[in-house]
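Here is a quick tour of a protein model for anyone meeting it for the first time. Have a look at the sequence and the fold, then read on.

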Amino acid sequence: MKLKITILGAAFALATSVSVLASERDIVDTAVKAGQFKTLAAALEAAGLVSTLKGAGPFTVFAPTDEAFAKLPAGTVENLLKPENKQQLTDLLTYHVVPGKVTAADVAGLDEAKSVNGKMIDVEVDGRSVKVNDAVITATDVAASNGVIHIIDKVILPPQG
């Protein structure tokens, strides 16, 4: 019995320290460490948004994976990364960011959320699935020191106009 309590205590301590370590990283470092956001990291760099998302926040980022960026039409990412398209890239990326820390429980209670770029993101709850626009949230509440990341399966596009 004593051994079981010791093992449970050690497991709890390990889980707690992992959470603390994860939350010591800001949103950018957390995404980079995850390894599935190389395109997002390159886009943030090209748009000059890295320092902003390393700032105090808090921010909520709906983060498209590399696979999500790959679903865009051929040449789209390369075109967006060109210096002459920096404003378009910035508009796209800031559409994936909501000011404040909005947890999964908060998101599930919303119909829409106002992005940093001022455009609204539609939120739809369908059973156990939550969508932002037409992207499914595949993982939630990835903790960062300055906010939270929700992983999405598509790049969401801001409405025109």
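What follows goes from the whole protein to one helix, and then to the spaces inside and at the surface.

**The overall picture**

First things first: this is a predicted model. The protein has eight helices and seven strands. Of its 161 residues, 35% are buried. The protein exposes about 9200 Å², and carbon and sulfur atoms supply 59% of that area. How much of the contact map comes from residues 24 or more positions apart? Counting contacts with a separation of 6 or more, such pairs account for 63%.

**A closer look at α3**

Helix α3 runs over residues 38-47, and its buried residues are Thr39, Leu40, Ala43, Leu44 and Ala47. Why do these five sit on the same side of the helix? They cover an arc of only 135° around the axis, so they end up on the same side of α3. Turn to the other side of α3 and you'll find Lys38 and Glu45, which are exposed.

What do the buried residues of α3 pack against? Their partners are the helices α2 (27-34), α4 (50-53), α5 (66-70), α6 and α7, along with the strand β1 (59-64). Just after α3 comes Gly48, which takes a positive phi of about 75°.

**Spaces in the model**

The structure holds two cavities of 30 Å³ or more, and there are pockets to consider too. Here are the sizes side by side.

| Space | Volume | Nonpolar residues in lining | Polar residues in lining | Charged residues in lining |
|---|---|---|---|---|
| Largest pocket | about 250 Å³ | six | five | two |
| Largest cavity | about 90 Å³ | 11 | one | none |
| Second largest cavity | about 40 Å³ | seven | one | none |

Start with the largest cavity. Its lining is made up of Ile27, Val28, Ala31, Leu40, Leu44, Leu53, Val61, Ala63, Leu93, His96, Val97 and Ile149. Which elements supply at least two residues each? They are α2, α3 and β1, and α2 has the largest share, with three residues. Leu40 and Leu44 are in this lining, and you've already met both among the buried residues of α3. The lining has no charged residues.

Now for the second largest cavity. Thr39, Ala43, Phe69, Val77, Leu80, Leu81, Leu89 and Leu92 line this one. The elements that give two or more residues to the lining are α3, α6 and α7. Here, too, α3 brings in familiar names: Thr39 and Ala43 line the cavity, and both are buried residues of that helix. Charged residues are absent from this lining as well.

The largest pocket is next. It is lined by 13 residues, and Gln88, Asp91, Leu92, Pro158 and Gln160 lie nearest its centre. Two elements, α6 (76-80) and α7 (86-94), give two or more residues to that lining. Which of the elements gives the most? That's α7, with three residues. Two charged residues are part of the pocket lining, next to six nonpolar and five polar ones by class.

One residue is worth a second glance, and that's Leu92. It is among the residues nearest the centre of the largest pocket, and Leu92 also lines the second largest cavity.

Notes:
Residues are numbered from 1 along each chain as its sequence is written. This is a predicted model: local features need pLDDT of at least 70, side-chain atom pairs count only at pLDDT 80 or more; totals for chains, interfaces and linings use all residues. Side-chain values use heavy atoms; hydrogens and water are left out. On a 1 Å grid over the protein atoms alone, a cavity is a set of points where a 1.4 Å probe fits but cannot get out, and a pocket is an open set with protein on both sides within 12 Å along at least five of seven lines; lining residues have an atom within 4 Å of a point. Grid points are joined across faces, edges and corners, and a volume is the space filled by probe spheres set on the points. Helices (H or I, at least four residues) and strands (E, at least two) are DSSP runs, numbered from the N terminus. Ala, Val, Leu, Ile, Met, Phe, Trp, Tyr, Cys and Pro count as nonpolar, Asp, Glu, Lys and Arg as charged, and the others, Gly among them, as polar. Buried means under 20% relative accessible area, exposed over 50%, partly exposed in between (1.4 Å probe, protein chains only). The arc is that of the directions from the helix axis to the C-beta atoms. Contact means heavy atoms within 4.5 Å. Accessible areas come from the Shrake-Rupley method with a 1.4 Å probe; for residues, only the protein chains shown count as cover.
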